[in-house]
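Visitor: Before I trust any label in a model like this one, I would like to see the rule behind it. Could you walk me through the names and show what earns them?

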Amino acid sequence: MASTKTRPKPFLFPEFCKACGRCISACPKDCIAMGSEINPATGFTPVELDLEVCNGCGLCLTACPEPYGLMPAPQQVDFELIDPQELLGDRLTSAPEPQPIPDERIGLPPLEPLILKGNHASAIGALLAGCRHFFGYPITPSTEGAELLARLLPQLDGIFVQAVSEVATVNMMYGCGGAGLRCMTFTSSPGFSLMLEGISYMIGAEIPGVFFNVMRGGPGLGNIGPEQGDIKLACRGLGHGNTHAIVLAPSTPQEMLDLTMDAFDLAFHYRNPVVLASDGYLGQMTGRVNLPNHMVRPGLPEWAVYGDENHRRNLHTSILLIEADLEAHNAHLNDKYDRMTREQQRADLFRCDDADWVLVACNTPARMARGAVQQLRDRGIKVGLFRPITLWPFPIDPLTPLLERVDGLIVVEAGAGQLEDELRLAASRAGLPLPPLHRIQHFGGVLPQQQEIVDAVTEKSGGAA
Amino acid sequence: MSVFYEKFERHAHGEGLKGHSTHYCPGCGHGLIHKYLAETIEDLGVQDRTIAVSPVGCAVFMYYYMDVGNTQAAHGRAPAVGIGHKVANPDAIVVSYQGDGDLASIGLAEIMQACNLGLPMTFVFVNNAIYGMTGGQMAPTTLMGQKTTTTPEGRTRLMGEPLKMAEILGQMDGPVYVERTALFDNKQRNRTRKAIKKALTLQVENKGLSFVEVLSECPTHLKLTTPEAERWVKEQMVPVFPLGVKKDTSAEAEAWFDPGTPAFGVDEVVDLIGGTDQKPERFASGFPTHIHDTDISIKFAGAGGDGAQTIAMLTTRTAINEGWDSTHIPSYGPESRGGTSYADVHIATDEVLSPASPNPHILVAFNPPSLEKFGPHVGSGGIIIYDSSVVPSPPKLDSGVKMIGVPCTEIANDLGKALVKNVVALGALQAATELFPEESFLATMRQALQDRCALLALNEEAFARGARAYREATKSNGS
Ligand code: SF4
Ligand code: SF4
Ligand code: SF4
């Protein structure tokens, strides 16, 4: 065999041998034996090689579990004398420094408004925002959004995957968002609960993704009527650990489209998931929707794990074993949450300027409240509506001037005070005293109605007119 | 071996020996499998394209070592994460690397779906019959009688039987290649190297999903030396988990996964979402202020299948085409069939505030329960249209409310299509309320039925008959 001589024999830096002995039984020539000297650096007793009869078969190399354990001897080097660092190198990777490809905003011609169901408006917003990947599991009352994308995405060579569960869904998003692409899901309360673990991982690994939760009645299976019972999950309960995400609360089909588009930009801007919290009523509501003046062709961020040379050095993980490392990572996340809190508080103030009483409501209840404000104003009662558009961060800044001035707040919600809790917490953190606070609450798919809001304000405000 | 990092910077910042040695215990099979993966990736020239998905388990830190794109997944979810990566970039070579707890316990649903989808991906399943990372608890693949920290007296039937993943997945249609190999001697190690190479090659050739189960040694938790552990796998595990190819259809498999490059052309997108710059024709001269100055509220109610939603939607579309804001909300009864189905519509000059219609200006009722339930909430000056074919004796309501019975069902049956009774009602509604001109509703109807011309004539006829029936009804009432 002519090749025998050219096959390198093994060599070993003793400090990288863990003394498992696999190579000993692997060698057909009995060249390797358990050593007798403990290596002071490792505490192991490395094997000893006697290569006189070694034929370079390489079986021992294949049997050694350590990447830098047994290895083929380098040519023409007296390896006994060299420093492993020098031979092995200490470069982390040969991959290039990744470069971002920026997103592109492409102008749209002026278009007539569309007439769309809320869930459809959101799906179209996603398409315009450059989302071409959807993952989801069917759940009423969110499914129309998924169904529309199942029909439209393939026509744009996009991908629609019906996952085996919501748990699988969120993890597919972890992969696809981790690859640097814009992806989303539609879900409803029970499904959202199942996604929370994965959302925590996404936040930990700083992976963007858009979660559209059409909230329904709970707890448990509840029903498919509108509720706002997941505000606590979205604002305070995104899985385990120190997690937050921007939570957007649309209240018209128009906002279903606009805020879905915004959600993608925000998710990538902050490298964090974004939650859209809608309600069952809004998902089913059809209305006029104006189209934006642009759409987005997404680029590819520098941090993506895309599967190409440009991004080879990247890693997505949320595990940091060393306590100081994990503390530093949390500090970094806290910085990000602080930035979101400073930069993204959004609210819509309707006739609040001179209001003595202010209603606080979001989603569909905010529309009932808006109707009530109009009705009460017609009767001369000075009432306004404060409608948070971001539920987290709670828009405490625009609310602050009102808090000092108004006679009272009335929180109107389809739920047990979860919006009120966000308001109280935000005020308390800001050190602001609250004026008298009242509430109108309904559950189980029943929404607060305009007339009862009118009646409540009339009563609280002393029936003035 | 260039697919390993020159220095394991991520392993405790690469300090000291950690920069060049793994975190695995002496003799652990993971190191071997990493080595075979690394050499295959190098041989196939796919280092840049490879994404290694590491699991939760002892291999959670595979990304310390492999100089490829790395993603670390939640426990059991590596297949789902891998699918996300593969559909994001079909050129990526995705390797999902999982242990027995990860793949065969908590992640069963995900591996089943991945194998069912059969996307060209590579699964390496490390079966060492025990939980390593958490300290030696029972795995789904733990042998009967085997002692672990959670089976202190040995695994019994009460804890289930060892799960044979290669056999299970080998029966599925998705994978093209499924094999079980081992590491306990030179022959088996070579078999494993070849299997990993084949599995990755099939992905590089875009032919399909491969699954390689490797029987591996965990000397630490077996409390054996490495040579003893090798023997244990050979003598104890192999009889339960027979080695060999479980499925191989790779010879017939053809390259297939090619979803194309996502499109972002303006025209394509605008066309797809139905965008147009064509203004709808308007027929009305202004807002129907004879009903309300700024905000008109309507309720359509009937049984599921009465078509209340369809005409509610037509009304909303008509209003928006006329340039006003309008909303439609459907509400269904508890049963989707035969229950109540009602729709609330608002039409506003400016912006619809509350979209609910608890006290509508106009009610269209298709059956007695709907009329009884919603009729009393129609305010004075309001209009109620009901199907007199099914409501022979309407309840007495506020004298300020105009009640109009139109035999919608009869007329529809007469036209030979019971389903159009809703359009009959819509014709009557137009005539009774003059919400918008007749042409306005007809234009919306044409728009909605543009792909189904055959139905259009029938619907137009139904609309006209409804309007006529209203006029006849009011004539006979003498009003
Ligand atoms: S190369 Fe072959 S003969 Fe030489 S030490 Fe290794 S196993 Fe033995
Ligand atoms: S196989 Fe490697 S780690 Fe194990 S004893 Fe041999 S050289 Fe040492
Ligand atoms: S515990 Fe077992 S599986 Fe984990 S590293 Fe150690 S030997 Fe390997």
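Guide: Gladly! Two strands count as paired if DSSP finds at least two bridges between them, and strands (E, at least two residues) and helices (H or I, at least four) are DSSP runs numbered from the N terminus. This is a predicted model, where local features need pLDDT of at least 70 and side-chain atom pairs pLDDT 80 or more, while totals for chains, interfaces and linings use all residues. Residues count from 1 along each chain as its sequence is written, chains are lettered from A and ligands numbered from 1 in written order, and side-chain values use heavy atoms without hydrogens or water.

Visitor: What makes β15(A) and β2(B) a pair?

Guide: Two bridges join β15(A) to β2 (residues 69-72) of chain B, so the requirement for pairing is just met. The two strands run parallel. One contact to look for is His316(A), whose bridge partner in β2(B) is Thr71(B).

Visitor: Which sheet does that pair belong to?

Guide: An open, eight-stranded sheet with mixed pairing, in the order β15(A)-β2(B)-β1(B)-β3(B)-β4(B)-β6(B)-β5(B)-β7(B).

Visitor: Why are β15(A) and β7(B) called edge strands?

Guide: Each of them, β15 (315-316) of chain A and β7 (244-248) of chain B, pairs on one side only.

Visitor: How do you know that β6(B) pairs with β4(B) and with β5(B)?

Guide: Count the bridges. Six of them link β4 (residues 122-127) of chain B to β6(B), and seven link β5 (residues 175-182) of chain B to β6(B). Both counts satisfy the pairing rule. The β4(B) pairing is parallel, and the β5(B) pairing is parallel too. In β6(B), Leu215(B) is the partner of Asn127(B), while Val212(B) is the partner of Glu179(B).

Visitor: What makes Pro141(A) count as buried?

Guide: Buried means under 20% relative accessible area, exposed means over 50%, and partly exposed lies in between (1.4 Å probe, protein chains only). Pro141(A) has 4%, so it counts as buried. Its place is in the loop between β7 (133-136) and α5 (143-152) of chain A.

Visitor: How do you know that β6(B) is mostly covered?

Guide: Seven of the seven residues of β6 (209-215) of chain B are buried. On one side these are Leu209(B), Phe211(B), Glu213(B) and Leu215(B), and on the other Ser210(B), Val212(B) and Val214(B).

Visitor: Why is β18(A) described as largely enclosed?

Guide: Six of the six residues of β18 (383-388) of chain A are buried, so the rest of the structure largely encloses this strand. Both faces are covered, with Val383(A), Leu385(A) and Arg387(A) on one side and Gly384(A), Phe386(A) and Pro388(A) on the other. As for its neighbours, β16 (347-350) of chain A pairs with β18(A) in the antiparallel sense over four bridges, with Asp348(A) partnered by Arg387(A). Another four bridges join β17 (357-360) of chain A to β18(A) in parallel, and there Val358(A) stands opposite Gly384(A).

Visitor: Why is the contact of Glu217(B) with Arg22(A) called a salt bridge?

Guide: A salt bridge needs a side-chain nitrogen of Lys or Arg within 4 Å of a carboxyl oxygen of Asp or Glu. Glu217(B) and Arg22(A) meet at 2.5 Å, N to O. The pair crosses between chains, from the loop between β6 and α7 (219-222) of chain B to helix α1 (22-26) of chain A. Both residues are buried. By this rule, the count over all chains is 38 salt bridges.

Visitor: What makes Glu39(B) and Arg193(B) tie together separate parts of chain B?

Guide: Their closest N and O atoms are 2.5 Å apart, a salt bridge again. Glu39(B) sits in helix α1 (29-44) and Arg193(B) in helix α6 (186-204), so the tie joins parts 154 residues apart in sequence. At 18%, Glu39(B) counts as buried, whereas Arg193(B), at 26%, is partly exposed.

Visitor: How do you know that Lys299(B) and Asp344(B) are bridged?

Guide: Their side chains meet at 2.7 Å, N to O. Lys299(B) lies in strand β8 (295-303) and Asp344(B) in strand β10 (340-348) of chain B, so parts 45 residues apart in sequence are tied together. Lys299(B) is buried, at 4% relative accessibility, and Asp344(B) is buried at 4%.
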